[in-house]
Amino acid sequence: MKTLLVAEYRENKLLESIYECYGFTKQFASDIVVFGVGISSDLPQFDRNVKFYFADSSKYGEYNPDFHKSLLIKVIEKEKPEIVIFSHSSFGWDLAPRISALLKAPMLTEVVEYKDGTFVMPLCNNKLRRVAKTSGSQIVITLQGGAGQSEKGSVTPELVDIDADVVSKYNFVGYEEAEKKDVDLTKANIIVSAGRGVGKKENISIVESLANALGGELGSSRPVVDAGWVSHSRQVGTTGQTVSPKLYVACGISGAIQHLAGMKKSEKVIAINTDKDAPIGEVADLLVVADLNQFIPVLIENLKK
Amino acid sequence: MNILVCVKQVADMEAKFKVAPDEKWFLEDDIAFKMNEYDEYAVEEAVKFRESMPDSNLIVLSIGAERVKEAIKKALAMGCDSGVHIKHDKEYMLDSYSKAYAIYEYAKDKNFDIIFTGMQSQDRGSAQVGIILAELLGIPSVSTIVSFKYESGEVEVKRELEGGKKGVVKLKTPALFTCQLGLNTPRYPTLPNIMKAKKKSIEEIEFSYSGNLAETDKIYFPEKKGGAMIIEGDPKELAQKVVAFLKDNGLA
Ligand SMILES: Cc1cc2nc3c(=O)[nH]c(=O)nc-3n(C[C@H](O)[C@H](O)[C@H](O)COP(=O)(O)OP(=O)(O)OC[C@H]3O[C@@H](n4cnc5c(N)ncnc54)[C@H](O)[C@@H]3O)c2cc1C
Ligand SMILES: Nc1ncnc2c1ncn2[C@@H]1O[C@H](COP(=O)(O)O)[C@@H](O)[C@H]1O
């Protein structure tokens, strides 16, 4: 199966996600080609010579869907890959559906696994899994982080330059950096995080008191930050911090993929959740099925003994 | 301004799911449905924008079974002017392309200046319908917006990237935007607005497009990998077990 991998560059830096796409693809593809808009001093390296369709970012700039899509379509027309693979990032989930629409090819989002000849996707916050039948000769895939084993080699690919003349109505102005953090969760040994299950702002103090009792820091999931109950510097996950404490306590957190991505390297995980099927159970060592607002005060009492 | 916002009704993710006998979907009998969380942000942004543009018209559209009217009514109570219901009893069997196409068929001659969708649906998480719709309409689109500003025909949005970084993008209308969590604070419909919404019209259209590119073959529960030790029961006993766990691991 011929597969085209889409490499991502940001601010003239190749992102490591290409190696995960490569590792994943090697499970089924014999013929692999790569596409990217980047800089020739930072090229991916594989374990064999791979053709790399390359456009220079000094000409095309940072990600612009119109430029990227026109360049990529050219490569697809030339190579006729059966599968086009992106990493499921802000770049991949933006560009992939455009390619799907142009090719009129089915798209499978956030693939987590290749199993029995098919691609597996999460459903309903990862509580369920889904496999699909596709029609036509091409499919477009975005790959969830962690789905593949990262594989890097030492062979620099053979470059094939590509060009496209496009006008774009999409005007990328620039980047805005993340706000400065007032706490550094990455250094904490113990993190006790509050999720939407706390119910209301006042209840954050219950979770905070458990953090204090354990000598740890308060963390949180995203909805709690979006609601303004906790500052963004305490958010754990893909758009927050990536942490790896000795103990992570998830209070009223369901365990969405984007949250897990930020905390699954924790050594021990305790979850407190009213739903015993909550996906956080996949990464927790201990899942306490309880209402956190009632349970945490009892737990603190017992810790003092 | 002609504004469109697309909403999907999804299951409550905390529901106890049971796979249906045909393994294509889950049994819906005991499940509560609500508006897709991302779409609440889309509706709020659309309503805020509409309120700032007196001579505007804001339409909310949803594809699905009879029950999706509830999601449409909620959007009407939040401030949309009228609704469109594209009827399909088995929305879950449609892929993103055919849903986008059905919306395209409706929208293509209506000259919408701005279209809002959610970034993704909570159940499928495909993050495709909005962008494919924009591509079919031939208008620019920006995904995952966390900020939206409009000034005389020009829109400035911020796209959320990884790790808290944002990308600033400017474009002219017509354009489509997919909305990310935290874009705004979705309002709760007030009782008077719920009453007012009852008088707003909902146009019904039969879903006619049959061009699925992908179809669900099977859904199933993942095998529990390692999995947590699950403890239930009396809070005091649970607390003792947690303390014992912490002590065993040198954490307390
Ligand atoms: C591009 C992108 C980036 C994202 N980045 C992040 C990120 O960095 N971090 C992040 O966290 N999320 C992120 N998200 C959002 C993520 O998908 C989820 O929406 C979010 O993690 C859910 O937070 P939650 O678990 O607190 O809430 P929910 O999913 O609503 O879960 C609440 C949980 O609380 C439980 N509960 C309810 N009441 C109680 C109670 N009384 N006692 C105990 N338990 C209770 C429920 O059973 C449920 O499991 C991102 C999403 C996208 C699309
Ligand atoms: N059945 C539907 N009816 C109306 N809009 C939908 C429907 N399904 C998806 N959408 C819109 O497309 C967005 C992305 O959905 P998806 O591509 O399924 O992740 C949602 O947030 C909605 O705004």
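## Surface patch, cores and interface of chains A and B

B:Ile194 sits in helix H5 (residues 191-197) of chain B; helices (H or I, at least four residues) and strands (E, at least two) are DSSP runs numbered from the N terminus. The structure is a predicted model, where local features need pLDDT of at least 70, side-chain atom pairs count only at pLDDT 80 or more, and totals for chains, interfaces and linings use all residues. Residues are numbered from 1 along each chain as its sequence is written, chains are lettered from A and ligands numbered from 1 in the order in which they are written, and side-chain values use heavy atoms, without hydrogens and water.

B:Ile194 counts as partly exposed because its relative accessibility is 34%. The classes are buried (under 20% relative accessible area), exposed (over 50%) and partly exposed in between, with a 1.4 Å probe and protein chains only. B:Ile194 joins B:Leu191 and B:Met195 in a nonpolar surface patch with about 290 Å² of accessible area together. Such a patch takes Val, Leu, Ile, Met, Phe, Trp or Tyr with over 30% relative accessible area and no salt bridge, side chains joined within 5 Å; like charges are joined within 9 Å. Areas come from the Shrake-Rupley method with a 1.4 Å probe; for residues, only the protein chains shown count as cover.

**Cores.** The largest nonpolar core holds 39 residues. A core is a set of buried Ala, Val, Leu, Ile, Met, Phe, Trp, Tyr and Cys residues joined through side-chain atoms within 4.5 Å. B:Val5, B:Val43, B:Cys80, B:Phe116, B:Phe148 and B:Phe177 touch the most other members. Helix H1 (residues 37-51) of chain B gives the largest share, seven residues. Beyond its neighbours within four places in sequence, B:Val43 contacts B:Val5, B:Val7, B:Met35, B:Ala75, B:Met78 and B:Cys80; contact means heavy atoms within 4.5 Å. Another core, of 35 residues, lies apart from it. Its members include A:Val230, A:Ile296, B:Ile231 and B:Val242.

**Salt bridges.** The structure holds 45 over all chains. Each is a side-chain nitrogen of Lys or Arg within 4 Å of a carboxyl oxygen of Asp or Glu. Four examples follow.

| Pair | N to O distance |
|---|---|
| A:Arg10 and A:Glu8 | 3.7 Å |
| B:Arg67 and B:Glu28 | 3.0 Å |
| B:Lys149 and B:Glu156 | 3.9 Å |
| A:Lys69 and B:Glu135 | 2.9 Å |

Both A:Arg10 and A:Glu8 are buried. B:Arg67 and B:Glu28 pair in a salt bridge, and this pair links distant parts of the chain, 39 residues apart. B:Arg67 lies in the loop between strand E4 (57-64) and helix H2 (69-78) of chain B. B:Glu28 lies in the loop between strand E2 (9-11) and strand E3 (33-35) of chain B. B:Arg67 is partly exposed at 26% relative accessibility, and B:Glu28 is partly exposed at 26%. B:Glu156 is partly exposed too, at 23%. Bridges that share partners join A:Asp66, A:Lys69, A:Asp94, A:Arg98, B:Glu135 and B:Arg159 into one network.

**Interface.** Here 79 residues of chain B contact 75 residues of chain A. About 6900 Å² is buried between the two chains; this is the accessible area (1.4 Å probe) that two parts lose on being put together, summed over both. Carbon and sulfur atoms give 56% of that area. In chain B, B:Lys165, B:Leu213 and B:Tyr220 lose the most area to chain A, together 10% of what that side buries. The rule finds 13 salt bridges across this interface.

**A loop in chain A.** A:Ser40 lies between strand E4 (31-38) and strand E5 (51-56) of chain A. A:Ser40 is partly exposed, at 46% relative accessibility. The C-alpha atoms of A:Ser40 and A:Val225 are separated by 40 Å, with their positions 185 residues apart along the chain.
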